[in-house]
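Here are a few notes to read alongside the model. Have a look at it first, then work through the points below.

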Amino acid sequence: MAQPDIAASATAGANGLDLSRFAPANRRRLSAPGLRTFLAIADLWGLNEEQRRLILGYPSRSTYHSWCKQAREHGSFMLDVDVLTRISAVLGIHQALGVLFADEHDGVAWLRQPHDAPVFGGHPPLDLVVNGTQEGLMMVRRFLDAARGGLYMPPNAADADFAPYEDAEIIFQ
């Protein structure tokens with residue numbers, strides 16, 4: 001009988017989550033490139049400093065600028081799990097927008113325009129992204145992931161002239 005991998009089981013939590021991903025060495029490895037990517041996306045989205053800090057969990061201005069300086073200089077620093085999770089959500093939102101919209105500027109426009117989906121309550125999705133909570137970020141990410149999976153997305157130009165099939169038009173052979 002094969003012996004269980006003791007090292008693997010020691011790093012896995014009760015739910016099977018690999019806890020080594022939260023180890024300081026991994027967080028240090030991901031912090032600078034993650035923040036550089038976040039800053040590039042924030043530039044594309046046209047976010048001001050206040051919005052960027054809100055997305056990151058509202059660090060002090062001096063902490064935020066220290067992180068940015070170290071990231072741009074490829075320095076070594078370590079963000080906490082909450083900040084890395086927030087950055088991951090932004091990366092997921094950006095990726096989903098790239099899948100759903102052929103032009104990245106259309107994706108940015110979608111973020112900034114009021115939306116009819118109940119989760120947005122008539123407000124732009126960006127309002128949830130910059131509300132300062134991790135949950136706001138995750139709600140937009142989940143919405144876009146669902147849209148990528150075909151569950152829901154408001155009509156676009158390609159759908160404008162689409163009429164649903166009538167029962168009589170469906171033929172089984």
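1. Before anything else: this is a predicted model, where local features need pLDDT of at least 70 and side-chain atom pairs count only at pLDDT 80 or more, while totals for chains, interfaces and linings use all residues. Residues are numbered from 1 along each chain as its sequence is written, and side-chain values use heavy atoms, leaving out hydrogens and water.

2. A good place to start is the pair α5 and α8, whose axes sit 9 Å apart at an angle of about 30°. That makes α5 and α8 roughly parallel, because the angle is under 35 degrees. Axes here are lines fitted to C-alpha atoms over the stretch in contact, with angles from 0 to 180 degrees between N-to-C directions.

3. Now α5 itself: residues 81-100, 20 in total, reaching 28 Å from first C-alpha to last, close to the expected 28 Å (1.5 Å times one less than the number of residues).

4. Plenty to see along α5: V83, L84, R86 and I87 are among its buried residues (buried means under 20% relative accessible area, with a 1.4 Å probe and protein chains only). The cover over the buried residues of α5 includes α2 (24-45), α4 (61-72) and α8 (134-148).

5. At the N-terminal end of α5, look for D80 as the cap: one of its side-chain oxygens is 3.2 Å from the backbone nitrogen of D82.

6. Zooming out, the chain has eight helices and zero strands (helices are DSSP runs of H or I with at least four residues, strands runs of E with at least two). Of the 173 residues in the chain, 31% are buried.

Technical notes. Buried means under 20% relative accessible area, exposed over 50%, partly exposed in between (1.4 Å probe, protein chains only). Contact means heavy atoms within 4.5 Å. A polar contact is a pair of N or O atoms within 3.5 Å; within protein, one must be able to donate a hydrogen and the other to accept it, and residues adjacent in sequence count only if both atoms are side-chain atoms. Angles under 35 degrees count as roughly parallel, over 145 as roughly antiparallel, 65 to 115 as roughly perpendicular and the rest as oblique.
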